[in-house]
Amino acid sequence: MSMPPYGIKPGRRKAGPHRCGSVLHAVGWTLLSAVVPGSGLLHSRRPRLGAAVLVVAVVGAVWAVLVAPHDLTDALDLAFDPSRLTRAAAVTVVCVVLWVACVVGTFVVLRPRPTEPRWQLVGGSAFVGALCLVVIAPVGFLVRDAIAQAHVVNAVFTGNRTATRPSVKPEDPWHGRSRVNVLLLGGDSGPGREGTRTDTMMLASLDTRTGRTVTFGLPRNLADVPFPAGSPLHTLYPDGFTGPGDPSSWMLNAVYREVPILHPHVLGKSADEGADAIKEAVSGATGLPVDYYVLIDFTGFRQLVDAMGGITVNVNVPVAINGQTDAGIPPTGYIQPGADQHLDGFHALWYARGRYGADDYQRMARQRCVVNAMIDQANPINMLRRYQAISSAGSKVVSTDIPKELLPAFVQLALKAKDHRAKSVLFRLSDQFNPNDPDFAYMHQVVQKALAAPTGHRRHHPVSNGTQDDTDACAYHPGQSY
């Protein structure tokens with residue numbers, strides 16, 4: 001009977017060439033290989049493979065450092081370039097697969113022969129599997145969100161050129177101008193309605209250097225709206241947008257729907273002829289050039305708010321849910337007054353749209369508060385937590401003519417705007433202003449005065465010139481409507 005070599009206990013084999021003597025040692029080398037790919041294989045019977053993996057890992061790390069975004073501008077350029085995002089996601093998936101193969105291969109090569117207790121081998125294998133999952137899971141979410149982001153950019157910000165969109169370059173996004181003007185529209189194309197009616201219209205004028213913003217709320221029933229001189233629509237309507245038949249078909253909120261029907265392609269080739277028409281109309285009414293538009297379809301607004309996790313607003317007076325004042329149809333419920341009320345999509349929609357017992361101007365003020373609340377809710381942490389749902393909902397309900405090349409510049413401008421309190425001016429019925437017979441020269445003066453005044457915190461107060469500064473209209477003032 002032969003005796004085992006000196007130092008080796010009976011019944012226990014010596015570790016194979018370049019294998020670890022215990023599962024614990026194999027796990028240790030595997031952990032090192034997870035941090036420095038290839039290092040574990042250097043300890044195995046395949047040192048050349050380990051050296052090759054290590055060289056590839058070092059070269060890849062250097063390359064990643066060189067091509068990775070180095071500042072906010074680079075990061076935004078990547079985030080809004082679908083092609084680069086898709087390539088980055090694909091490269092990331094390949095790298096993770098290779099990393100997992102390296103980690104698992106290292107453990108397989110270095111683990112002791114099956115003479116160790118089975119529970120140790122099973123425990124070591126489970127640990128390596130858990131290690132891989134810890135890395136795969138967050139990377140998987142990152143890749144998923146990158147693909148979703150690429151889809152949103154392609155769906156909303158490509159193929160969206162309108163006839164009235166300015167021609168600018170990413171290196172000079174504002175074309176040397178001190179302000180950029182974006183028309184914010186809320187459209188309703190729900191059941192029983194033909195086409196889209198823009199019942200919500202706010203022009204946001206942003207200072208391109210500071211981000212300070214002034215918004216102008218326009219009544220939906222604004223009549224005889226002029227178009228800018230030189231526009232083909234000005235030639236067709238020299239006395240403003242008016243004509244025979246139903247007066248409601250000639251109000252400002254009907255421009256988006258009616259002009260493309262009455263005069264198709266009048267402003268040239270466009271992805272959204274209605275947007276071109278309403279941009280021209282608002283430009284004529286305010287005296288400001290309208291560079292871009294953003295339209296939110298109310299039929300999907302509820303879904304978008306729910307995706308964001310709801311919004312928080314102050315409710316000063318009861319706001320009706322359903323109901324029709326003219327027809328004598330009572331509401332089915334109310335949103336009750338209260339400070340910092342968190343509303344889901346259903347209640348946020350009625351907070352923005354509820355008309356029973358209220359006029360258009362109160363509704364416009366509430367809509368301004370909804371816009372503010374959505375901006376507040378779009379903070380980085382919430383966006384990361386709910387990005388998939390937000391991107392899915394947003395791509396279905398938002399349309400715009402902002403090109404994807406300018407998105408980084410707009411995001412940086414929006415970040416600046418969040419640092420300042422926006423000033424809001426609302427045109428409403430008064431002795432000085434009548435939307436049914438408006439004085440547009442007066443409107444131009446009000447706009448220029450608002451832009452010239454410093455924007456800061458101002459207490460809400462009605463003014464005698466036919467407008468209202470509703471900068472503080474979203475604060476909690478129980479029983480006070482706007």
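**Exercise 1. Is Asp 145 buried or exposed, and at what relative accessibility?**

Solution. The model is a predicted one, in which local features need pLDDT of at least 70 and side-chain atom pairs count only at pLDDT 80 or more, while totals for chains, interfaces and linings use all residues. Residues are numbered from 1 along each chain as its sequence is written, and side-chain values use heavy atoms, with hydrogens and water left out. Buried means under 20% relative accessible area, exposed over 50%, and partly exposed in between, with a 1.4 Å probe and protein chains only. Asp 145 has 17% relative accessibility and therefore counts as buried. Its salt-bridge partner is Arg 144, with N and O 3.3 Å apart, where a salt bridge is a side-chain nitrogen of Lys or Arg within 4 Å of a carboxyl oxygen of Asp or Glu. Arg 144, at 36%, counts as partly exposed.

**Exercise 2. Work out which class Arg 257 and Glu 258 each fall into, and find the salt-bridge network.**

Solution. The side chains of Arg 257 and Glu 258 form a salt bridge of 3.0 Å, N to O. Because its relative accessibility is 23%, Arg 257 counts as partly exposed, whereas Glu 258, at 15%, counts as buried. Elsewhere, shared partners join the salt bridges of Arg 197, Asp 199 and Arg 355 into one network. Within this network the closest N and O atoms of Arg 197 and Asp 199 are 3.1 Å apart, and Asp 199 is buried at 5% relative accessibility. The whole structure holds eight salt bridges.

**Exercise 3. Compare the expected span of helix α6 with the distance between its end C-alpha atoms.**

Solution. Helices are DSSP runs (H or I, at least four residues), numbered from the N terminus. The expected span is 1.5 Å times one less than the number of residues, so the 40 residues of α6 (residues 118-157) should span 58 Å, and the end C-alpha atoms, 57 Å apart, agree with this. After α6 comes Gly 159, whose phi is positive, near 60°.

**Exercise 4. Describe the lining of the second largest pocket.**

Solution. A pocket is an open set of points on a 1 Å grid over the protein atoms alone where a 1.4 Å probe fits, with protein on both sides within 12 Å along at least five of seven lines, and lining residues have an atom within 4 Å of a point. The second largest pocket has a volume of about 1,100 Å³, a volume being the space filled by probe spheres set on the points. Of its 36 lining residues, Gly 60, Ala 61, Trp 63, Val 91 and Cys 95 are the closest to the centre. The elements giving two or more residues are α3 (47-67), α5 (82-110) and α6, and α5 gives the most, with 14.
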